[in-house]
Amino acid sequence: MKKITIAIDGFSSTGKSTLAKQLAKKLQYIYVDTGAMYRAVTLFAMQNGFVEDGKIDRQALVNALDRIELNFVFNEDLGFAEMYLNNLNVEKEIRTMPVSKNVSQVSELAEVRSKLVALQKAMGVDKGIVMDGRDIGSVVFPDAELKIFMTASPEKRAVRRYKELLDRGEDVQYEDILENVQKRDYIDSNREISPLVKAKDAIDFDNSDVGLEDQFQRIYEHALRIINK
């Protein structure tokens, strides 16, 4: 069976990672969560005082990029790879609200995107990969055989994110989550470098009112049609 590249883009909290993990597991492909990579860089910036009150010391972060080592390490118990920053597992830390509030600003930096896009391209050289993010189909893998662009209403996405954070024991307010979702949408869609856009040949998938199993089945069957051509 031939291997293809699957690129999944879309707005925050649309379930890109969930779908990507399901597809990778079913197809026995490599899964890469590029959002985790940008979150890890953001966490590094916060830990080193390069980000404060939403303001970034750009030059300090750029000068320190060589000190950032990112790796995905497969967790057999969980069934997917976790994000490691400089050999430390940061999977939980990068999913917190403080990181969410700063990740879009850090992701805007050309030097950060250049470093991570190069890593991402290298990961997909041999195909057989499912990668999700903001610019996978438009920048990282413009020749991907299957491109998905996921959307959902800001309110639906805020509810999902709110429940997810509550389940992790975080003290959050729905209104703050909705504001963060809307702010990230604006920043991601309007940044100069690799803005969030739907690739011309991507499948537009609105999952505002679609269940996870139905969503997976539709995309999986589409992937099989491409693989078996």
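**Notes on salt bridges, a small sheet, helix 5 and Gln215**

1. Glutamate 145 has a relative accessibility of 32%, and since buried would require under 20% and exposed over 50%, this residue counts as partly exposed. Keep in mind that we are looking at a predicted model. Lysine 127 is likewise given as partly exposed, with a relative accessible area of 35%. The two side chains meet in a salt bridge, at 2.9 Å from N to O. Glutamate 145 comes from the loop between helix 6 and strand 9 (146-151), while lysine 127 belongs to the loop between helix 5 and strand 8, so this pair ties together parts 18 residues apart in sequence.

2. Now for a network: Asp33, Glu91 and Arg95 are joined into one by salt bridges that share partners. For context, the structure holds 13 salt bridges. In the one between arginine 95 and aspartate 33, the closest N and O atoms are 2.9 Å apart. That pair links distant parts of the chain, 62 residues apart: aspartate 33 sits in strand 2 (residues 30-33), and arginine 95 in the loop between strand 7 and helix 4. Arginine 95 also forms a salt bridge with glutamate 91, at 2.8 Å from N to O.

3. Buried or exposed: which is it for the residues of this network? Arginine 95 and aspartate 33 are both buried. For arginine 95 the relative accessibility is 15%, so it counts as buried. Glutamate 91 has 12%, and therefore counts as buried too.

4. On to the sheet. It is open, with three strands in the order 5-6-7 and antiparallel pairing. Strand 5 and strand 7 (88-89) are at the edges with a single partner strand each, so one side of each has no neighbour in the sheet. Strand 6 (residues 80-85) and strand 7 run antiparallel and are joined by two bridges. In this part of the sheet, tyrosine 84 stands opposite asparagine 89 of strand 7. Helix 2 lies across strand 5 and strand 6, and it runs at about 25° to strand 6.

5. Helix 5 (residues 110-123) passes a simple length check. Its 14 residues, at 1.5 Å a residue, should span 20 Å, and the C-alpha atoms at its ends are indeed 20 Å apart, which agrees.

6. Which residues of helix 5 are buried? They are Val112, Arg113, Leu116, Val117 and Gln120. Looking down the axis of helix 5, these fall within an arc of 115°, so they line one face of the helix. Ser114 and Ala122, on the other side of helix 5, are exposed. The buried residues have plenty to pack against: helix 2 (34-47), helix 3 (58-63), strand 5 (70-75), helix 4 (97-107), strand 8 (129-133) and helix 6 (136-140). Note that helix 2 and strand 5 turn up here as well as in the point on the sheet, where helix 2 lies across strand 5 and strand 6.

7. Finally, have a look at glutamine 215, in helix 9 (residues 212-227). Its relative accessibility is 1%, so glutamine 215 counts as buried. What does glutamine 215 touch, leaving aside residues up to four places away in sequence? Its contacts are Gly15, Leu19, Met150, Phe205, Asn207 and Val210.

How values were computed
Residues are numbered from 1 along each chain as its sequence is written. This is a predicted model: local features need pLDDT of at least 70, side-chain atom pairs count only at pLDDT 80 or more; totals for chains, interfaces and linings use all residues. Side-chain values use heavy atoms; hydrogens and water are left out. Helices (H or I, at least four residues) and strands (E, at least two) are DSSP runs, numbered from the N terminus. The expected span of a helix is 1.5 Å times one less than its number of residues. Buried means under 20% relative accessible area, exposed over 50%, partly exposed in between (1.4 Å probe, protein chains only). The arc is that of the directions from the helix axis to the C-beta atoms. Contact means heavy atoms within 4.5 Å. Two strands pair if DSSP finds at least two bridges between them. Axes are lines fitted to C-alpha atoms, for helices over the stretch in contact, and angles run from 0 to 180 degrees between N-to-C directions. A salt bridge is a side-chain nitrogen of Lys or Arg within 4 Å of a carboxyl oxygen of Asp or Glu.
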